Amino acid sequence: MPWAEKIRPVLSAYPMAITPYYLSLIQQDEENDPLALQCIPDLKEISVLPNSSADPLNEDGCMPAPKLIHRYPDRALAIVTKTCANYCRHCNRKRFWKTPEASTLKNRLGKMVRYVADSPKVREVILSGGDPLTYDDGKLEMILASFAAIRHVEVLRIGSRMPAVLPMRITKDLCRMLKRYRPLWFNTQFNHPAEITADATRACNMLQEVGIPVSNQSVLLKDVNDKPAVMQHLLYGLQKISVRPYYLFHCEPVKGCGHFRTDIREGLTIMEELRRHCSGLALPQYVADLPGQAGKVPILALSKSIKNDLKEHQDFFDNFE
Ligand code: SF4
């Protein structure tokens, strides 16, 4: 059966979008190319796995206004679009891909802005999606300006995968516009060192040059980056382009993503290897995102070798009051 026929049932549940740029990075002759695994649909996405849910973080239950997630007192996350340049097969919001927008951007934005304006404890607004940078500069500025106009909103943040999947979207005009909304923080998602290209470097540097710090949130993905050497290469690459490795997310039990999940013990082993080899500046925090206000919980465990190291240096601690 031709490949397109075979994956038709996957596409009817979870559509496909890949930028020509990202496609060009895939090594066609590699069977399990780590970039291909992140964007090419796989039949495993529609196999039913126990304990998975379309919305394991119960985001849909934490929306006081349509598509505005309010899980923590001091910040709110606005899902400003459902569209992305690439549809990442491991996306924890893939439940949205097929659902049409209920109303116009202006209408949705108005309700979100009203809620934030009435919530004085919210000091930070995160534009997320989907990918907010799929909007043109004018629409994006309208969104930023609407939230920035609220007196108690002190910080804005954008979550976008564009530097990794379509770095050409980061233009001089875009950066000039974003600069007006500082303090503005930019979080992106590089998951594999092969994504750190000259184009991606240029995109991140352009944002940094206008005073916008860029951080990275990777997801630990089976067969993509679940080897210490691959992860080390990624972290060193990020550090070299001045992008701060911020979080390494344990892959959540999202319906359609089960084949990307690793065991937490594997994640801890990787983190321990990294801790032994990488400078603290290159180390992300390994976290699990949990439903409700529990939020992002650091995953920590003392392995045998760390316990031995601590035991060996007990005197060091005994000398402290
Ligand atoms: S860019 Fe982000 S929101 Fe869009 S598919 Fe990828 S992970 Fe999901």
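These legends accompany close-up views of a predicted model.

**View 1. Cysteines without a disulfide partner.** A disulfide is a covalent bond between the sulfur atoms of two cysteines. With a cut-off of 2.5 Å between the sulfur atoms, the count here comes to 0 disulfides. Two of the unpaired cysteines, Cys 257 and Cys 278, get their own views below.

**View 2. A close look at Cys 257.** For Cys 257, the nearest cysteine sulfur belongs to Cys 251 and lies 5.7 Å away. Since a pair has to fall within 2.5 Å, Cys 257 is in no disulfide. Cys 257 has 0% relative accessibility, so this residue counts as buried.

**View 3. A close look at Cys 278.** Here the nearest cysteine sulfur is that of Cys 204, 19 Å away, and Cys 278 is in no disulfide. The relative accessible area of Cys 278 is 8%, under the 20% limit, so Cys 278 is buried.

**View 4. Helices H10 and H11 where they cross.** Two packed helices are described by the angle between their axes and the distance between the axes. In this view, the axes of H10 (residues 228-240) and H11 (residues 264-277) come within 9 Å and cross at roughly 50°. That angle makes H10 oblique to H11, and the crossing is right-handed.

**View 5. The residues that join H10 and H11.** From H10, the contact is made by Pro 228, Met 231, Gln 232, Leu 235 and Tyr 236. H11 answers with Ile 270, Glu 273, Leu 274 and His 277. Sorted by class, this contact has 6 nonpolar, 2 polar and 1 charged residues.

Terms used
Residues are numbered from 1 along each chain as its sequence is written. This is a predicted model: local features need pLDDT of at least 70, side-chain atom pairs count only at pLDDT 80 or more; totals for chains, interfaces and linings use all residues. Side-chain values use heavy atoms; hydrogens and water are left out. Buried means under 20% relative accessible area, exposed over 50%, partly exposed in between (1.4 Å probe, protein chains only). Axes are lines fitted to C-alpha atoms, for helices over the stretch in contact, and angles run from 0 to 180 degrees between N-to-C directions. Helices (H or I, at least four residues) and strands (E, at least two) are DSSP runs, numbered from the N terminus. Angles under 35 degrees count as roughly parallel, over 145 as roughly antiparallel, 65 to 115 as roughly perpendicular and the rest as oblique. A crossing is left-handed if the near helix is turned anticlockwise from the far one by less than a right angle, and right-handed if clockwise. Contact means heavy atoms within 4.5 Å. Ala, Val, Leu, Ile, Met, Phe, Trp, Tyr, Cys and Pro count as nonpolar, Asp, Glu, Lys and Arg as charged, and the others, Gly among them, as polar.
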